[in-house]
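Trainee: Could we go through how the ligand surroundings are described here? I'd like to see the reasoning behind each label.

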Amino acid sequence: MNADLVVVGSGFYGLTVAQRCAEELGLEVLVVDRRSHIGGNAYSEFEPETGVEVHRYGAHLFHTSNERVWQHVNRFTSFTSYVHKVYSTYKGEVYPLPINLGTINQFFRAAHGPDAARALVAELAGEIETSEASNLEEKAISLIGRPLYEAFIKDYTAKQWQTDPRDLPAEVISRLPVRYTYDNRYFNDTHEGLPTKGYTAWLENLADHPKITVQLDTDFLDLSQPLNKRDVVGQVPVIYTGPVDEYFDNVEGALSWRTLDFEQEVLPTRDFQGCPVMNYAGDEVPYTRIHEFRHFHPEREAQHSQDKTVIMREFSRFAEKGDEPYYPVNTAEDRARLLAYRDLAKGETGTIFGGRLGTYKYLDMHMAIGAALSTFDNKLVPHFSKGEP
Ligand code: FAD
Ligand code: UDP
C-alpha cells in the first residue's frame with residue numbers, strides 16, 4: 001500500500017480531510033468506502049425517466065453562517081440561489097412553516113398583526129412555565145401553546161420519533177422558531193443554496209486530485225480483505241468516519257439510531273405538489289413528508305421531463321441491525337456507551353474518529369466540513385510536520 005494516510009469513508013468529512021492533506025501537505029491519500037459510490041449520505045443521482053436530481057439518502061439542503069466553510073466549499077462548487085421553504089398539511093389544509101404570522105392567522109382564522117399574534121401565543125403558552133417543562137410536549141406547549149403544538153408538532157414528532165412526545169426529553173425541542181412576520185424561509189443562515197451541478201459533481205471535485213485514490217466496495221472492518229483495520233492501523237495514520245461502536249466490535253453495546261425508509265415513485269404529471277417539501281402533520285398517513293425534487297432546481301426546468309415527476313415519501317423508525325444509521329437517538333444509555341467508546345478511541349492512537357458516525361453526533365454538512373477543516377489544522381498539520389505526536 002502506497003499511502004501516507006488512509007481515510008475510511010468518502011462523505012464530506014472524509015473527502016474534506018483527504019483533499020486538504022493531498023493539496024496542502026502533498027500526502028498520498030487512500031480513501032476507502034464500503035458503498036459502491038462516493039459521497040456518503042449527500043450522494044445524489046439523476047433519475048433517468050425525469051432527468052431530476054434525487055438525493056438518494058434524503059433531501060440535502062446546504063446552508064451555513066460559517067464564513068470559512070462557505071469560502072472553502074465555493075472552491076469546489078458554485079451554488080444556486082435556492083431558498084428552502086417547507087409547507088405542512090394539517091387536516092386537509094396547507095400551512096406555511098416554520099410557524100409564522102401566516103400560519104397563525106390561517107390557523108386561528110384571524111388577521112393579527114405581529115403584536116396581537118405575539119400576545120395570543122404568549123397567552124396560550126402561559127399554560128406551562130418553560131422552566132418547569134419536563135418533556136417535549138410540555139416544553140413545546142410552554143413555547144407555542146397547546147393548539148399550535150397539537151396541530152403541527154404532536155403527531156409529526158410521534159411519527160418521526162416513534163415515541164410519545166411526553167416520553168421524549170424537553171431538549172429535543174430546545175427552540176421552536178416562531179416568526180411574527182410572513183417570512184417563511186426555513187433556515188436563518190447567511191449562506192444557502194444547492195450545488196449547481198449537483199451533490200455528486202461537488203463530491204467528485206473534492207476527490208479529484210492526483211494524490212487521492214478512492215477504493216469503493218471496501219469495508220475497513222472486514223478482515224478478509226487486505227485494506228482492513230487490523231493490518232492498516234499502526235502502519236499508516238487512519239481517519240475513520242464509520243460508526244464508532246462498529247470499530248470496537250460493539251464491545252460496549254450498540255449505539256441506537258433512527259433510520260429512514262424512502263419510497264421513491266415516478267408519477268405521470270409534471271408537478272405533484274407545487275413545492276419541494278410537504279410535511280404531513282397528522283397521523284392519517286404513516287409518512288412524515290414528501291419530497292418533490294424538481295422544485296429544488298427551478299433553473300433546470302428545461303432539462304426536466306414535462307410530463308413526469310419524481311417524489312419520495314419519507315418514513316421514520318428505529319434502526320435495526322443492517323439498517324442505515326441516520327439520526328443518533330441519544331438515550332441516557334447511549335450517552336454512557338458513547339463515553340466508554342470515547343475512552344477506547346483515546347487509546348487508539350493511530351486512528352482519528354470523525355464525522356457523523358465516528359462521533360455519534362448529528363452534523364449538518366457545513367458542520368462536518370468545518371469539523372474536518374479543524375481536524376486538519378489542529379491534528380494533521382502538526383502530526384505530518386512532526387510538530388506534535
Ligand atoms: P457520511 O456522509 O455518512 O459518510 C460516511 C461514509 O463512511 C459513508 O459513505 C459510509 O459508507 C462509509 N463507511 C462507514 N463505515 C465504513 C467502513 N467500515 N468501511 C468503509 N467505509 C465505511 N445536512 C445538511 O447540511 N442539510 C440537510 O438538509 C441534511 N439533510 C440530511 C438528511 C438526512 C436524511 C440525513 C441522514 C442527513 C442529512 N444531513 C444534512 C447531514 C449530512 O448527511 C451529513 O452532514 C454528512 O453526510 C456528514 O458527512 P460524514 O462524512 O460525516 O458522513
Ligand atoms: N417538527 C414538527 N413538525 C414539523 C417539522 C418538525 O414537529 O412539521 C419537529 C420534530 O420533532 C422534528 C424536529 O421538529 O424532529 C426537527 O425537524 P426538522 O424538519 O427541522 O429536522 P430534520 O428532520 O429535517 O432533521
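Mentor: Happy to! Around ligand 1 there are 33 residues, and Asp33, His60, Leu61, Leu363 and Met365 come nearest. This is a predicted model, where local features need pLDDT of at least 70, side-chain atom pairs count only at pLDDT 80 or more, and totals for chains, interfaces and linings use all residues. Residues are numbered from 1 along each chain as its sequence is written, chains are lettered from A and ligands numbered from 1 in the order in which they are written, and side-chain values use heavy atoms, leaving out hydrogens and water.

Trainee: What makes a residue count as near a molecule?

Mentor: One of its heavy atoms must lie within 4 Å of that molecule.

Trainee: Why is the pair between aspartate 33 and ligand 1 called a polar contact?

Mentor: A polar contact here is a pair of N or O atoms within 3.5 Å. An oxygen atom of ligand 1 is 2.6 Å from an N or O atom in the side chain of aspartate 33, so the pair qualifies.

Trainee: And what about isoleucine 153 and ligand 2?

Mentor: A backbone N or O atom of isoleucine 153 lies 3.5 Å from an oxygen atom of ligand 2; the limit is within 3.5 Å, so this pair counts too. As for cover, the protein takes 75% of the 520 Å² of accessible area that ligand 2 has on its own (Shrake-Rupley method, 1.4 Å probe).

Trainee: Which helix gives the most to the shell around ligand 2?

Mentor: Helix H6 (residues 146–161), with six residues. A helix is a DSSP run of H or I with at least four residues.

Note on methods. A polar contact is a pair of N or O atoms within 3.5 Å; within protein, one must be able to donate a hydrogen and the other to accept it, and residues adjacent in sequence count only if both atoms are side-chain atoms. Helices (H or I, at least four residues) and strands (E, at least two) are DSSP runs, numbered from the N terminus.
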